[in-house]
Amino acid sequence: MAYTFGPFALEPKTRRLLRTGEEIHLSPKAFDLLQFLIEDRARAIPRAELHKRLWPNTFVLETNLASIVAEVRRALDDSADDPQYVRTMHRVGYWFIGSVSQEGARVDPRHLPVRYWLVWKTRQVALNEGENIIGRAPDASVWIDAAGVSRHHARIIANSAPTIEDLGSKNGTYLHGRPITTPQLLNDGDQIRLGSVVMTFRVPAPAGSTETDPSQ
């Protein structure tokens, strides 16, 4: 079983981190940290929990964890200021935010769940099936630390008929420039604004499909 994200692959069995097939060196603790973050990527992992898992029954300084996080970021060419993979959750811990797929698991494509994405600036976030809370709170499914975004700003229900609704936010939720007061259906390409943040709701084409060349 391997976890793939971007150009990287993490192989727990062989304890290797690969980038486009080439091995990248990680210290044992840094490898363990990255594996913990990926395997528990549905949430931010508190620093105290990471300390306990990395150094059980041993007291270490807070700077030890920070240095290992920095090592992981260097290996992934990641940035604390504009993270693609490892996000610092202030006063909480760390969260792996990259889109991950698992190689080695056989999946019937007919039974794959519907997948949706939110795209803004140069980033995209996969939505979980069911409820997705968007906001500044650390427990939000889609965490956005930006001016004008409430802690629990809006909610997207990702199912066969995806909808968005405002959660009583201070600055409102807008769909195509219009404020919404009741749940609204979402379609591919819909523009959503929360405070100062503008994002696009995307529905990826089914695997194996090919767009028609308009020149044909």
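User: Which residues touch the most other members of the largest nonpolar core?

Analyst: This is a predicted model. In its largest nonpolar core of 28 residues, Phe5, Leu17, Leu33, Leu34 and Phe96 touch the most other members. Six elements give two or more residues each: β1 (2-5), β2 (8-11), α1 (28-39), α2 (47-54), α3 (62-75) and β7 (93-96). Helix α1 gives the most, with seven residues.

User: What makes this set a nonpolar core?

Analyst: Its members must be buried residues of listed types, joined through side-chain atoms within 4.5 Å. Phe and Leu are both on that list. Phe5 and Leu17 are among the 28 members.

User: Which residues is Leu17 in contact with, leaving aside its neighbours within four places in sequence?

Analyst: Its partners include Phe5, Phe8, Leu10, Ile24, Phe31, Leu34 and Leu76. Glu22 and Glu23 are also in contact with Leu17. Contact here means heavy atoms within 4.5 Å.

User: Which residues does the second core include?

Analyst: Trp120, Ile180, Ile192 and Leu194 are among its 21 residues. This core is separate.

User: Why is the link between Asp77 and Arg19 called a salt bridge?

Analyst: The cut-off is 4 Å between a side-chain nitrogen of Lys or Arg and a carboxyl oxygen of Asp or Glu. For Asp77 and Arg19 the N to O distance is 2.3 Å, so the pair qualifies. The two residues are 58 apart in the chain, with Asp77 in the loop between α3 and β6 (86-89) and Arg19 in strand β3 (residues 16-19).

User: Why is Asp77 called exposed, and Arg19 partly exposed?

Analyst: Exposed means over 50% relative accessible area, and buried means under 20%. Asp77 has 53%, so Asp77 is exposed. Arg19 has 32%, which falls in between, so Arg19 is partly exposed.

User: What is unusual about the phi of Asp77?

Analyst: Most residues other than glycine have a negative phi. Asp77 has a positive phi of about 55°, although it is not a glycine. Arg91 also has a positive phi, near 65°. Arg91 lies in the loop between β6 and β7. Its relative accessible area is 81%, so Arg91 is exposed.

User: How do you know that Glu165 and Arg155 form a salt bridge?

Analyst: Their closest N and O atoms are 3.0 Å apart. The limit is 4 Å, so the pair passes. Glu165 lies in strand β14 (residues 163-166) and Arg155 in strand β13 (residues 154-158), so the bridge ties together parts 10 residues apart in sequence. Arg155 has a relative accessible area of 22%, so Arg155 is partly exposed rather than buried.

User: Which residues are linked in a network of salt bridges?

Analyst: Asp40, Arg43, Glu49 and Arg53 are linked in this way. Within the network, Glu49 and Arg43 meet at 2.6 Å, N to O. Glu49 is partly exposed at 26%, and Arg43 is partly exposed at 30%. The whole structure has 10 salt bridges.

User: Which residues lie nearest the centre of the second largest pocket?

Analyst: They are Asp81, Asp82, Arg87, Arg123 and Asp145, out of 16 lining residues. Asp and Arg count as charged. By class, the lining has seven nonpolar, three polar and six charged residues. The space in this pocket is about 380 Å³.

User: How many helices and strands does the protein chain have?

Analyst: The chain has three helices and 19 strands. Of its 216 residues, 41% are buried.

Methods: Residues numbered from 1 in each chain as written. Predicted model: local features only at pLDDT ≥ 70, side-chain atom pairs only at ≥ 80, totals over all residues. Heavy atoms only, no water. Buried < 20%, exposed > 50% of the residue type's maximum accessible area, 1.4 Å probe, protein only. Helix = DSSP H or I, 4+ residues; strand = E, 2+ residues; numbered from the N terminus. 1 Å grid on protein atoms, 1.4 Å probe; cavity = no way out; pocket = protein on both sides within 12 Å on 5 of 7 lines; lining within 4 Å. Points joined across faces, edges and corners; volume = space filled by probe spheres on them.
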